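Colleague: I am new to this structure and would like to learn how to read it, one feature after another. Could you take me through it slowly?

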Amino acid sequence: MSFNWELFVDLAEKLINNREFDGIEEAYLRTAINRSYYGVYGLACKFLKDKGRLSTSPTHREVREKYIKSTDQLEKDIGENLFRLFRDRRKADYKSRAQINKNEAQRVYQLSCRTRQKLKELGI
């Protein structure tokens with residue numbers, strides 16, 4: 001049985017709403033942003049692979065571009081959201097001087113939930 005990528009999105013919510021940060025709140029929030037992105041990225045890859053539209057080891061750019069360049073508006077929207085989530089994830093993972101707060105983590109999580117819903121509309 002394959003991994004359920006939606007669990008990463010669910011985990012992101014738990015990380016954001018954790019009440020016992022013990023001084024490491026920003027680490028929880030940065031991880032929540034990471035999981036928000038990877039949850040929908042995994043779902044997006046699975047959809048394309050199941051449809052035979054993606055190689056077995058795609059790059060993040062390749063996945064985004066498959067959606068963005070689609071003639072289907074729903075897929076275009078997914079691609080644009082993946083780009084935004086990717087940008088947010090890179091900031092959280094690599095920009096040590098960036099201040100990540102709960103509002104930002106919630107915004108990214110909510111975007112991942114909307115993107116997950118759009119993927120479900122495609123039939124994942």
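Colleague: Let me begin with a helix: which are the buried residues of helix α3?

Modeller: Bear in mind that this is a predicted model. In helix α3, which runs over residues 60-68, the buried residues are Val63, Arg64 and Tyr67. They lie on the same side of α3, because the arc that they cover around the axis is only 95°. As for their partners, the buried residues of α3 pack against α2 (25-50), α4 (73-94) and α5 (102-122).

Colleague: Which residues touch the most other members of the largest nonpolar core?

Modeller: A nonpolar core is a set of buried residues of certain kinds that are joined through side-chain atoms within 4.5 Å. The largest one here has 31 residues, and those that touch the most other members are Val63, Tyr67, Leu82 and Leu119. At least two residues of this core come from each of α1 (6-17), α2, α3, α4 and α5, with α2 giving the most, eleven residues. To follow one member outward, take Leu119, which, if residues up to four places away in sequence are not counted, touches Val40, Leu43, Ala44, Tyr67, Ile78 and Ile124.

Colleague: How far apart are the end C-alpha atoms of α4, and what span should its 22 residues have?

Modeller: The expected span is 1.5 Å times one less than the number of residues. For the 22 residues of α4 this comes to 32 Å, and the end C-alpha atoms are 31 Å apart, which agrees. At the start of this helix, a side-chain oxygen of Asp72 comes to within 3.0 Å of the backbone nitrogen of Leu74. The buried residues of α4 include Leu74, Glu75, Ile78, Asn81 and Leu82, and the helix packs through its buried residues against α2, α3 and α5.

Colleague: Glu75 is in that list, so I would like to look at its surroundings. Which side chain does a polar contact of 2.8 Å join to that of Glu75?

Modeller: That partner is Arg53. Glu75 counts as buried because its relative accessibility is 7%, under the limit of 20%. A polar contact of 2.9 Å also joins the side chains of Glu75 and Ser70. Ser70 has its place in the loop between α3 and α4 and, at 10% relative accessibility, counts as buried. Leaving aside neighbours within four places in sequence, Glu75 is in contact with residues that include Phe47, Lys66, Tyr67 and Leu122, whereas Ser70, counted in that way, touches Glu75 and Lys76.

Colleague: Where is Val108 found, and is it buried or exposed?

Modeller: Val108 is found in helix α5 and is buried, with a relative accessible area of 0%. Not counting residues up to four places away in sequence, Val108 touches Ile33, Ser36, Leu85 and Asp88. Separation along the chain and separation in space can be read side by side: Val108 and Asn81 are 27 residues apart in sequence, and their C-alpha atoms are 9.9 Å apart in space.

Colleague: Finally, how many disulfides does the count come to, and why is Cys45 in none?

Modeller: The count comes to zero. A disulfide needs a pair of cysteine sulfur atoms within 2.5 Å, whereas the closest cysteine sulfur to that of Cys45 belongs to Cys113 and is 18 Å away, so the two are too far apart for a bond. Cys113 is likewise in no disulfide, its nearest cysteine sulfur being that of Cys45. Cys45 itself counts as buried, at 7% relative accessibility.

Technical notes: Residues are numbered from 1 along each chain as its sequence is written. This is a predicted model: local features need pLDDT of at least 70, side-chain atom pairs count only at pLDDT 80 or more; totals for chains, interfaces and linings use all residues. Side-chain values use heavy atoms; hydrogens and water are left out. Buried means under 20% relative accessible area, exposed over 50%, partly exposed in between (1.4 Å probe, protein chains only). Helices (H or I, at least four residues) and strands (E, at least two) are DSSP runs, numbered from the N terminus. The arc is that of the directions from the helix axis to the C-beta atoms. Contact means heavy atoms within 4.5 Å. A polar contact is a pair of N or O atoms within 3.5 Å; within protein, one must be able to donate a hydrogen and the other to accept it, and residues adjacent in sequence count only if both atoms are side-chain atoms.
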